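Please walk through the structure shown below, beginning with its cysteines and then turning to its strands and one of its pockets.

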Amino acid sequence: LPVFLMGESMGGAVSYGVYNRLPTLFRGVVMVAPMCKISDDMLPPQYVIDVLSWLLGPSGTTSLLGYLPIAPSKSNLSDVCCRLPEKRDAWATCPLSFGRNPRLSTARELVLISKTISCNLHTFEAPFLVLHGLDDRVTDPQLSQSLYDEACSRDKSIRLYEGMWHALTTGESDESIDRVFGDVIAWIH
């Protein structure tokens, strides 16, 4: 049977990396609001990133400071993921949703991997579908458009949703969620 990868947000970045490591295993990739780049609305000022990077050391290293879950952010993740308040409340209480600030080392790795992906969009050759809400304030929908424009894949599609936020599969109206999943199923078929 054909196998497809599907990743949302950070999972989109993971699926990008997994496909690049094992391209013959997968028929295609579906990326929902992928973390090709972290939105400037979520990042602290560059000098804060630089100081923390210096304190933490290079990628892949750990320090006691890196274990602290105090990564600075301009916005609370739970407030910017789900457009509908009732969905936001459900998302915030779901044990699978990580609404807290990440550890400093995790934040460093997220910033570095998103920079790596955004600089290598042109090398991505997987058949893929990328879906993104145009009002997303967590990951940048313009980078999803850049992924679509720059990727060397011959089988690629993009769906940009007006008025939708980051959590396309959980934080929107039931009709909008059905539309997103309908687009995914249609592309896979």
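Cys 119 counts as exposed, because its relative accessibility is 55% and the cut-off for that class is over 50%. The structure is a predicted model. Exposed as Cys 119 is, its sulfur has no partner: the closest cysteine sulfur belongs to Cys 36 and is 12 Å away, too far for a bond. A disulfide requires two cysteine sulfur atoms within 2.5 Å. Cys 152 is in no disulfide either, and its nearest cysteine sulfur, again that of Cys 36, lies 14 Å away. With a relative accessible area of 42%, Cys 152 is partly exposed. A search of the whole structure finds zero disulfides.

The strands can be followed in order along the chain. Strand β1 (residues 4–8) pairs with β2 in the parallel sense, over five bridges. One contact in this pairing can be located by residue: Gly 7 has Met 31 of β2 as its bridge partner. Helix α1 belongs to the connection here, as β1, α1 and β2 make a right-handed β-α-β unit.

Strand β2 (residues 28–32) is largely enclosed by the rest of the structure, because five of its five residues are buried. The cover extends to both faces of β2: Gly 28, Val 30 and Val 32 are buried on one side, and Val 29 and Met 31 are buried on the other. Met 31 is thus the buried residue that serves as the bridge partner of Gly 7.

β2 also pairs with β3, in the parallel sense and over four bridges. In this pairing Val 32 has Leu 131 of β3 as its bridge partner. From β3 (residues 128–133) the pairing goes on to β4 (residues 156–161); these two strands run parallel and are joined by six bridges. Within that set, Val 130 is partnered by Ile 158 of β4. The chain passes from β3 to β4 through helix α6 (residues 141–150), and this β-α-β crossover is right-handed.

Which helices each supply at least two residues of the lining of the second largest pocket? They are α1 (10–21) and α5 (104–119). The second largest pocket has a volume of about 300 Å³. It is lined by 15 residues, and those closest to its centre are Ala 13, Gly 17, Arg 21, Ile 113 and Ile 117. α1 gives the most to this lining, with eight residues. By class, the lining residues of the second largest pocket comprise nine nonpolar, four polar and two charged.

Technical notes: Residues are numbered from 1 along each chain as its sequence is written. This is a predicted model: local features need pLDDT of at least 70, side-chain atom pairs count only at pLDDT 80 or more; totals for chains, interfaces and linings use all residues. Side-chain values use heavy atoms; hydrogens and water are left out. On a 1 Å grid over the protein atoms alone, a cavity is a set of points where a 1.4 Å probe fits but cannot get out, and a pocket is an open set with protein on both sides within 12 Å along at least five of seven lines; lining residues have an atom within 4 Å of a point. Grid points are joined across faces, edges and corners, and a volume is the space filled by probe spheres set on the points. Ala, Val, Leu, Ile, Met, Phe, Trp, Tyr, Cys and Pro count as nonpolar, Asp, Glu, Lys and Arg as charged, and the others, Gly among them, as polar. Buried means under 20% relative accessible area, exposed over 50%, partly exposed in between (1.4 Å probe, protein chains only). Two strands pair if DSSP finds at least two bridges between them. A crossover is right-handed if, with the strands pointing away from the viewer, the path from the first strand over the helix to the second runs clockwise.
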